[in-house]
Amino acid sequence: MSSLFTFLLVVQAVIAAAMIGVILMQKSEGGGLGVGGSPAGLLSARGAADFLTRVTTILATLFVGLSILLAAMASVGRDGSTIDTSLSKTAQPSSGAAAPSMTGPAPEAPAQAAPAAPASDDPLAAAAAAASQDAAPAQTPPAKK
């Protein structure tokens, strides 16, 4: 299957090069860039223009068809890719922390000293340490009434 894919890829490259050549040989009819061919040019006859138009249509159709075929061949040989989840942050359920009630004063959590930034070259190490500290719920005894 790999050699067929390579062969069709080379055929598509040849068709693309031929299509570029045929398009460049055609006379500019709208003068899009302001550069037009003279009427005494080599391929200025109406028959040659019709021929080049037909060749362009055939080459463009072959190019699109081969593109679809190559895309189908490339997708068939692949199995499902796995997503790397090593960098994803998982939410930890906060089992000890409850929502503050509106009827009474909220219990105050003891102030914790911020840990010193680890001595490393990683500029995000301090942020990661702070995030892991914030993720751990504070264990406070329930308030007595």
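Helices here are DSSP runs of at least four residues and strands are runs of at least two, numbered from the N terminus. With that in hand, let's walk through this predicted model.

Going from the N terminus, the elements read α-α-α. That fits the tally of 3 helices and 0 strands.

How sure is the predictor? The chain's pLDDT averages 73, and 53% of the residues reach at least 70. Confidence also varies between elements: H1 has the highest mean pLDDT, at 93, while helix H3 has the lowest, at 75.

Here are the helices and the residues they span:

| Helix | Residues |
|---|---|
| H1 | 2-25 |
| H2 | 46-76 |
| H3 | 125-135 |

Now for the inside. Of the chain's 145 residues, 9% count as buried. The largest nonpolar core has 9 residues: Leu8, Ile15, Met19, Val22, Leu52, Leu59, Leu66, Leu70 and Met73. Helices H1 and H2 each supply at least two residues of this core, and H2 gives the most, with 5 residues. As a general rule, nonpolar side chains in soluble globular proteins tend to be buried together.

Want to zoom in on one core residue? Try Val22. Not counting neighbours within four places in sequence, Val22 is in contact with Leu52, Val55, Thr56 and Leu59.

What about contacts across the whole chain? Among those with a separation of 6 or more, 78% link residues 24 or more positions apart.

Finally, the outside: the chain exposes about 12,200 Å², and carbon and sulfur atoms supply 65% of that area.

Key
Residues are numbered from 1 along each chain as its sequence is written. This is a predicted model: local features need pLDDT of at least 70, side-chain atom pairs count only at pLDDT 80 or more; totals for chains, interfaces and linings use all residues. Side-chain values use heavy atoms; hydrogens and water are left out. A nonpolar core is a set of buried Ala, Val, Leu, Ile, Met, Phe, Trp, Tyr and Cys residues joined through side-chain atoms within 4.5 Å. Buried means under 20% relative accessible area, exposed over 50%, partly exposed in between (1.4 Å probe, protein chains only). Contact means heavy atoms within 4.5 Å. pLDDT is the predictor's confidence in each residue, from 0 to 100. Accessible areas come from the Shrake-Rupley method with a 1.4 Å probe; for residues, only the protein chains shown count as cover.
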